[in-house]
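Me: I'm new to this one and would like to go through it piece by piece. Can I put some questions to you?

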Amino acid sequence: MAVLELKNVTKTYKLAGGGSFQALKGISASFEAGELVAIVGESGSGKSTLMNTIGGLDSDFGGQIIYEGKNLATYSKQELVDYHKKSIGFIFQNFNLIPHLSLLDNVAMAMTLSNVNQKTREARAKELLKQVGLEAHIYKKPDAISGGQKQRVAIARALINDPDMIIADEPTGALDAETTDTVLELIKDIAKSGKLVLMVTHSERVASHCSRVLRIDNGQLLEDFRQEELVIEDSQNKEQVAVKNMSWYNAFRLALLNMKAKFGRNALVAVGSSIGIMSVVLMLSLGKGVTSYVKSTMNSYTNPRVTEVHKNGTSNQKRMATQTNGNSAAQAQANQDMLKALTGTGNDSGFSQKEIKKLASLKDVTKAQKGFSTISLGTTTVKYKNKEASIVQLQTMSSAVTDSNIRQGKRPGKNEILIDAGTADILGKNMIGKKVTLHLTVDSKQIEKTFKVAGTYSLSASGSSTATILARYSDLASLYKETGTNLKPNVIYLTAKDKDATSRVKDKVKDLGYSGSMQEAMTDMFSDMLTIITDVLTGIAAISLIVSTIMILVVLNISVVERTKEIGVLKALGARRKDIRRIFVSEAFLIGLSAGALGDLVTWILSLIANHFSQAMFEINVVAITPQYVISGLVISILISMLAGMMPANRASKLDPVDSLRKE
Ligand code: ADP
Ligand code: MG
């Protein structure tokens with residue numbers, strides 16, 4: 001029974017400049033198992049074209065090529081892939097071994113593409129390499145062996161899946177007479193084992209060894225001549241190879257081997273694109289470090305459990321509104337209101353008893369303390385003997401003032417105050433325990449009162465603070481009473497049950513329409529500004545990511561061009577488009593992974609250096625790398641590379657195997 005039947009096969013090439021060329025003009029023949037067929041003819045007569053069509057590399061032909069009862073032209077993609085994998089083996093004139101793979105991997109390739117496990121495929125490849133006499137060289141690369149040896153490897157490769165047919169296009173064309181004989185013997189053995197061998201040759205001597213000769217001229221079959229009866233020596237049972245599709249794992253492994261072969265170049269690309277990743281991660285970490293430094297210094301001298309609550313500046317809003325209305329009387333009234341608010345005598349900045357109760361009853365709040373704070377530019381002064389200092393802010397004691405705020409002395413008792421360290425220096429040396437006179441204006445009335453200095457105060461470690469007097473709320477209230485004014489608290493200090501609850505309390509207070517402390521507002525403003533700056537710098541750094549994307553794209557494109565032939569071979573061995581794409585995408589993934597890892601590593605090293613210096617100088621870590629940044633760096637790098645790899649991978653997968661194999 002015929003293994004293969006050609007019925008009036010024609011092939012017409014479309015020419016690039018329009019027009020067409022008919023390379024095969026109706027070839028009919030029938031082939032049986034065990035035949036060794038020599039195909040001879042002038043150069044350009046159509047021999048390779050015939051081989052490629054029979055080999056299923058080109059489905060665009062006329063007539064019929066029937067294998068297992070079905071015309072090749074009607075095969076589905078998967079059927080064609082299976083045909084390549086298990087029915088046919090190719091041997092090329094130029095061997096077409098894959099240069100970066102060992103002989104073992106080259107021979108095992110068709111099995112790798114069929115997802116046969118490593119142990120099985122290597123055992124089979126070793127056995128075949130032994131049959132062609134190369135067992136001593138299995139781990140060598142193709143470049144390390146001679147031409148004759150390469151062709152023996154190619155023969156082993158063609159046999160790995162035990163195909164029914166071998167197609168050999170001038171297998172001895174690049175060999176000298178002696179090696180030609182060895183290769184010819186191997187090919188004769190293949191035919192004897194019951195396979196159909198179609199061999200293109202120029203040499204009449206080689207043709208004379210064959211059982212049948214087809215002479216082709218100008219796309220037509222001139223002669224079909226049987227020289228000897230075929231003798232099949234041992235028709236063993238055909239090994240059934242399970243044909244599966246290649247897994248991601250194997251695609252990845254092939255990618256890894258290629259990356260290794262082009263290590264220098266790939267390392268350079270990875271280094272190049274790691275710079276982009278590094279700048280982005282570094283900028284983010286730097287922003288984070290600086291922001292948290294600002295936050296921690298701004299908040300380190302306040303009690304972490306205390307929330308300061310202010311009423312929103314309603315009078316300010318009123319004033320703005322009236323200004324735009326141009327109503328001068330209303331504006332004057334609003335100004336008055338604001339002044340009252342500042343001195344703490346206004347109604348709208350004071351908390352009513354009801355409001356205080358409500359705040360005190362918030363969840364997580366254990367204590368609500370009345371407080372009063374007023375800015376008095378020059379109207380409040382403090383006198384000691386003949387020295388006088390102006391006070392900018394008068395404030396009441398609360399649990400918000402921590403012991404770390406008290407530089408010297410202790411917390412004030414009845415009729416005692418704290419004065420800020422700077423003001424204390426103006427008044428005299430060692431003011432603790434001294435009596436000072438406080439002058440202040442309440443409701444246009446000047447009042448005077450003597451207080452004992454309990455200690456000095458500062459908001460931060462550096463000691464620089466505004467001129468502030470801290471008195472007890474009860475003392476201040478009785479002082480106001482003397483003038484006939486009722487002191488209304490304009491600040492409420494809420495103490496949370498623990499540190500972690502504070503932020504919840506703060507959020508709730510804001511939800512209720514109150515505002516926090518001045519410091520908090522400033523901290524927020526600073527961190528907002530820093531966030532903007534960080535975002536801008538990160539954005540600029542991200543531009544370099546575009547550069548690396550393009551770089552990876554170019555390199556992978558070059559790689560596709562360089563490996564055109566390899567891709568052709570892979571397709572002839574049964575690689576699907578998907579497989580080729582996966583190999584290239586895996587390579588892109590590997591570049592991205594190494595670039596990301598390198599970028600993260602360099603950022604980490606730089607952060608150690610930067611933090612070492614910033615610790616020595618300011619006792620802070622300027623760069624705060626978080627796991628999120630590290631992981632994002634890695635993920636972004638991989639995504640970018642794979643995105644860049646998509647186009648070249650697609651291009652590679654679409655290469656026409658016939659064109660690829662013809663490429664010099
Ligand atoms: P052989 O292998 O016998 O030397 P080929 O099969 O390679 O011949 O080529 C047969 C003819 O088809 C030649 O004239 C060649 O120029 C032409 N040919 C081959 N490939 C193409 C192609 N892709 N486009 C146009 N013409 C082609
Ligand atoms: Mg040819």
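Me: Which residue in strand 8 stands opposite Val37?
Reply: Keep in mind that this is a predicted model. Strand 3 covers residues 36–40 and strand 8 covers residues 196–200, and four bridges join the two in parallel. Across from Val37, in strand 8, you'll find Leu198.

Me: In what order do the six strands of that open sheet come?
Reply: Strand 3 and strand 8 run parallel, but the pairing in the sheet overall is mixed. From one strand to the next, the twist averages 15°. Reading across, the order is 6-7-8-3-9-10.

Me: Which strands of this sheet have one side left without a neighbour, and why?
Reply: Look at the two ends of the order 6-7-8-3-9-10. A strand at the edge has a single partner strand, so one of its sides is left without a neighbour in the sheet. That applies to strand 6 (88–91) and strand 10 (220–226).

Me: What angle does helix 5 make with strand 6?
Reply: Helix 5 takes in residues 147–159. It lies across strand 6 and also strand 7, which is 165–169. Relative to strand 6, helix 5 runs at about 170°.

Me: Which strands does helix 6 touch?
Reply: Helix 6 spans residues 177–192 and packs on the sheet. Its direction makes about 145° with that of strand 8. The strands touched by helix 6 are strand 3, strand 7 and strand 8.

Me: Now the four-strand sheet: which are its edge strands?
Reply: Here the pairing is antiparallel, and the order is 2-1-4-5. An edge strand pairs on one side only. In this sheet the edge strands are strand 2 and strand 5 (70–71).

Me: How many bridges join strand 1 to strand 2?
Reply: Strand 1 is residues 2–14, and it runs antiparallel to strand 2. One spot to look at is Thr10, which stands opposite Lys25 in strand 2. The number of bridges joining strand 1 to strand 2 is 10.

Me: What stands opposite Leu4 in strand 4?
Reply: Strand 1 also pairs with strand 4, in the antiparallel sense, over five bridges. Follow Leu4 across to strand 4 and you land on Tyr67.

Me: And which residue in strand 5 is the bridge partner of Tyr67?
Reply: Strand 4 and strand 5 run antiparallel, joined by two bridges. They make a hairpin with two residues between the strands, where Glu68 takes a positive phi near 50°. In strand 5, Tyr67 has as its bridge partner Lys70.

Me: What angle does the direction of helix 1 make with that of strand 1?
Reply: Helix 1 packs on this four-strand sheet. It touches strand 1, strand 2 and strand 4 (62–67). With the direction of strand 1, that of helix 1 makes about 120°.

Me: Which element supplies the largest share of the shell around ligand 1?
Reply: Two elements each supply at least two residues of that shell: strand 2 (20–32) and helix 1 (47–54). The largest share is three residues, and these come from helix 1.

Me: How far is the polar side-chain atom of Arg662 from an oxygen atom of ligand 1?
Reply: Arg662 is among the residues that come nearest to ligand 1, along with Gly44, Lys47, Ser48 and Thr49. Backbone N or O atoms play a part too: one of Ser45 lies 3.3 Å from a ligand 1 oxygen, and one of Gly46 lies 3.0 Å from a ligand 1 oxygen. For the polar side-chain atom of Arg662, the distance is 2.8 Å.

Me: What percentage of the area that ligand 1 exposes alone does the protein bury?
Reply: Taken alone, ligand 1 exposes 550 Å². The buried part of that comes to 72%.

Me: Last one: which residue in the turn between strand 17 and strand 18 has a positive phi?
Reply: Strand 17 (residues 435–442) and strand 18 (residues 445–457) run antiparallel, with eight bridges joining them. Lys435 stands opposite Lys452 in strand 18. Two residues separate the strands of this hairpin, and the one with a positive phi, about 55°, is Asp443.

Key:
Residues numbered from 1 in each chain as written. Chains lettered and ligands numbered in written order. Predicted model: local features only at pLDDT ≥ 70, side-chain atom pairs only at ≥ 80, totals over all residues. Heavy atoms only, no water. Near = heavy atom within 4 Å. Polar contact = N/O pair within 3.5 Å; in protein donor to acceptor, adjacent residues only side chain to side chain. Areas by Shrake-Rupley, 256 points an atom, 1.4 Å probe, with all protein chains shown as cover. Pairing = 2+ DSSP bridges. Axes fitted to C-alpha atoms, helices over the stretch in contact; angles between N-to-C directions. Contact = heavy atoms within 4.5 Å.
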